[in-house]
Amino acid sequence: MVRNETDGTAGMAPRTVVVTGGGTGIGRAVAARFAAAGDDVVIVGRRREVLRSAADELSAEHGRKVTPVICDLADPDDVEAALGRLPERIDVLVNNAGSREAAAGAGPHAVLARWRGDFERNVLTAVLLTESVRDRLTPERGRVITVTSLAALRGGGSYGASKAALHAWNHSLAAQLGPQGVTCNIVAPGTVAGTEFFGARLNDAELTRRAGRTLVGRVGRPSDVAAAVVFLASPDAGFITGEILQCNGGELLGR
Ligand SMILES: NC(=O)c1ccc[n+]([C@@H]2O[C@H](COP(=O)([O-])OP(=O)(O)OC[C@H]3O[C@@H](n4cnc5c(N)ncnc54)[C@H](OP(=O)(O)O)[C@@H]3O)[C@@H](O)[C@H]2O)c1
């Protein structure tokens with residue numbers, strides 16, 4: 001276990017960290033960082049086998065307890081049922097689960113399905129869980145970190161709008177939990193390769209095009225986003241709350 005000497009975690013007891021969508025992509029990289037630092041990690045997702053094998057691999061790799069909790073976070077019944085399997089005390093909650101539906105269609109039913117789906121997949125997955133466990137967040141050092149997207153700034157239709165909704169929600173959550181010493185922040189990634197998010201859409205030509213839109217000439221890696229999450233979870237970030245940290249290689253400026 002390696003505690004960071006420079007972010008205030010040196011000598012700190014293991015934290016209890018919950019990472020949603022921790023079985024793949026960015027969430028898995030986040031879970032790996034916390035496990036490597038000596039924390040106990042719970043990863044949440046819908047697919048039993050994906051989650052179980054990720055938990056087994058991360059436990060073996062880092063020698064820490066990594067526990068899978070199967071749950072569809074957009075389903076309130078499922079979230080309620082999962083509460084008994086989630087830790088009684090949570091130091092860090094990372095709301096990372098989310099996805100983008102490629103469904104097309106212009107009629108009102110197709111539009112409704114797209115908008116409702118994106119809000120369920122991205123807003124409710126964060127809000128239902130966080131509101132259900134808010135009393136479990138450790139006073140004075142609790143952290144809520146929510147992963148949104150550059151699409152919240154740029155547009156991106158119903159997906160971008162759902163991520164932007166999380167920005168507004170996060171600000172009110174930060175105001176509610178601030179008096180207890182719990183901070184609430186956002187990490188908003190640009191394009192990140194090596195996850196399931198884009199499926200086959202992120203071919204070489206598309207990767208090159210997207211890399212060219214950044215100031216650093218490359219797209220992001222899951223570890224880039226994980227590093228930003230880990231910083232916001234650290235004791236040294238205790239005076240930062242209600243913020244949005246863009247993690248997009250300079251692709252777009254602003255909040
Ligand atoms: N990759 C990018 O370029 C990019 C850019 C900006 C923002 N983001 C955001 O980053 C986050 C992570 O995405 P990723 O790129 O790492 O893609 P990913 O590999 O598809 O990860 C998404 C994870 O969320 C889980 N998930 C989705 N819906 C869920 C639900 N209803 N309940 C529980 N778990 C659920 C998935 O597991 P199950 O399917 O097993 O449930 C999966 O492990 C997402 O919020 C995404 O919007 C990604």
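Helices here are DSSP runs of H or I with at least four residues, and strands are runs of E with at least two, both counted from the N terminus. With that in hand, here are the close-ups, all taken from a predicted model.

**View 1. The stretch that UniProt labels as a domain, residues 15-195.** An unreviewed UniProt entry lists this span as "domain: Ketoreductase". Over residues 15-195, helix makes up 47% of the chain and strand 18%. The C-alpha atoms at its two ends sit 26 Å apart.

**View 2. A buried pair, Asp-39 with Arg-15.** These two side chains make a salt bridge, and their closest N and O atoms are 2.9 Å apart. Asp-39 comes from the loop between helix 1 (25-36) and strand 2 (40-45), while Arg-15 comes from the segment before strand 1 (16-20), so the bridge ties together parts that are 24 residues apart in sequence. How buried is each partner? Asp-39 has a relative accessible area of 0%, and Arg-15 has one of 5%. Since buried means under 20% relative accessible area, Asp-39 makes the cut, and so does Arg-15.

**View 3. Helix 1 linked to helix 2 by Arg-28 and Glu-57.** The closest N and O atoms of this salt bridge are 2.7 Å apart. Arg-28 belongs to helix 1 and Glu-57 to helix 2 (residues 48-62), so parts 29 residues apart in sequence get tied together. Both ends see some solvent-accessible area: Arg-28 is partly exposed at 22%, and Glu-57 is partly exposed at 41%.

**View 4. Two loops joined by Arg-141 and Asp-91.** Here the closest N and O atoms of the salt bridge are 3.3 Å apart. Arg-141 sits in the loop between helix 4 (108-133) and strand 5 (143-147), and Asp-91 in the loop between helix 3 (76-82) and strand 4 (92-95), so the pair ties together parts that are 50 residues apart in sequence. Arg-141 is partly exposed, with 33% relative accessible area, whereas Asp-91 is buried at 4%.

**View 5. A salt-bridge network of Arg-154, Arg-213 and Glu-251.** Bridges that share partners join these residues into one network. How many salt bridges does the count come to? Twelve. As a general reminder, side chains of opposite charge can pair when their charged atoms come close.

**View 6. The surroundings of Ile-90, in the loop between helix 3 and strand 4.** Ile-90 is buried, with a relative accessible area of just 1%. Which residues does Ile-90 touch, leaving aside neighbours within four places in sequence? Its contacts are Thr-16, Val-18, Val-133, Arg-136, Leu-137 and Thr-138. To help place the view, Ile-90 and Ser-132 are 12 Å apart, C-alpha to C-alpha, and 42 residues apart in sequence.

**View 7. Cys-184, a cysteine in no disulfide.** How many disulfides does the structure hold? Zero. For Cys-184, the nearest cysteine sulfur belongs to Cys-247, 19 Å away. A disulfide needs cysteine sulfur atoms within 2.5 Å, so a sulfur at 19 Å leaves Cys-184 unpaired. Cys-184 is also buried, at 0% relative accessibility. Cys-247 is likewise in no disulfide, and its nearest cysteine sulfur is that of Cys-184.

Definitions and conventions. Residues numbered from 1 in each chain as written. Predicted model: local features only at pLDDT ≥ 70, side-chain atom pairs only at ≥ 80, totals over all residues. Heavy atoms only, no water. Salt bridge = Lys/Arg side-chain N within 4 Å of Asp/Glu carboxyl O. Buried < 20%, exposed > 50% of the residue type's maximum accessible area, 1.4 Å probe, protein only. Contact = heavy atoms within 4.5 Å. UniProt positions renumbered as here; feature names shortened; annotations may be inferred.
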